[in-house]
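User: Please take a close look at the backbone of this model. I would like the unusual peptide bonds and phi angles placed in their surroundings.

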Amino acid sequence: MTAPKPSPSHDRPPLSNLHPVHQHLPRRPSWLCRVCAATWPCPSARMLLRVEYGTNRVALSIYMASQLFDATADLLRLNPVPAPDPRELFDRFLAWTARSPT
Ligand SMILES: [Zn+2]
C-alpha cells in the first residue's frame, strides 16, 4: 500500500510548468504574488491551482496547508505585533479549497 501523492505533478511544485508571467507564485516572506502583488494566493493563483489539481481537492488542501504553515511562520516573523489573525490566514489559504468553484 502506498500513500497518495500530495501533488498531481509528482516531482515539481504546482504552477511551475507555466510561463513565469502566469505562475502567480508567492514572494516570501511577504506572501504577496510575484506577478500581480495581491495577497497570495491571489484570485489567479487560486484559479490556476484549481485547474492544476482538478478534482483532487484533498491534494490541493494538503498543498495549501503546507503553504499556510510556511506563511504563518514568515508573517509572524515580519509582524509579531499584532500577530497575523489565524482565522484570516485559514480563510486565505485553506477555506477556499473546500468550496466548489463558482
Ligand atoms: Zn497573482
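Analyst: What follows goes through the backbone exceptions, beginning with one loop and then turning to the other sites. The model is a predicted one. As background, most peptide bonds are trans, and most residues other than glycine have a negative phi.

The loop between β2 (32-33) and α1 (43-53) holds Pro41. The peptide bond that leads from Trp40 into Pro41 is cis, and its omega is near 0 degrees. Ala37 is also found in the loop between β2 and α1. Although Ala37 is not a glycine, its phi is positive, at about 65 degrees. With a relative accessible area of 52%, Ala37 is exposed, because the cut-off for exposed is over 50%.

A cis peptide bond is also present from Val81 to Pro82, with omega near -10 degrees. Pro82 sits in the loop between α2 (57-78) and α3 (86-98).

A positive phi also occurs at His24, a residue other than glycine, where the value is near 45 degrees. His24 belongs to the segment before β1 (26-27). The relative accessibility of His24 is 10%, and since buried means under 20%, His24 counts as buried.

To set the two positive-phi sites side by side: His24 is buried, whereas Ala37 is exposed. As for the cis bonds, Pro41 follows Trp40 and Pro82 follows Val81. Pro41 lies in the loop between β2 and α1, while the place of Pro82 is in the loop between α2 and α3.

Conventions:
Residues are numbered from 1 along each chain as its sequence is written. This is a predicted model: local features need pLDDT of at least 70, side-chain atom pairs count only at pLDDT 80 or more; totals for chains, interfaces and linings use all residues. Side-chain values use heavy atoms; hydrogens and water are left out. Helices (H or I, at least four residues) and strands (E, at least two) are DSSP runs, numbered from the N terminus. Buried means under 20% relative accessible area, exposed over 50%, partly exposed in between (1.4 Å probe, protein chains only).
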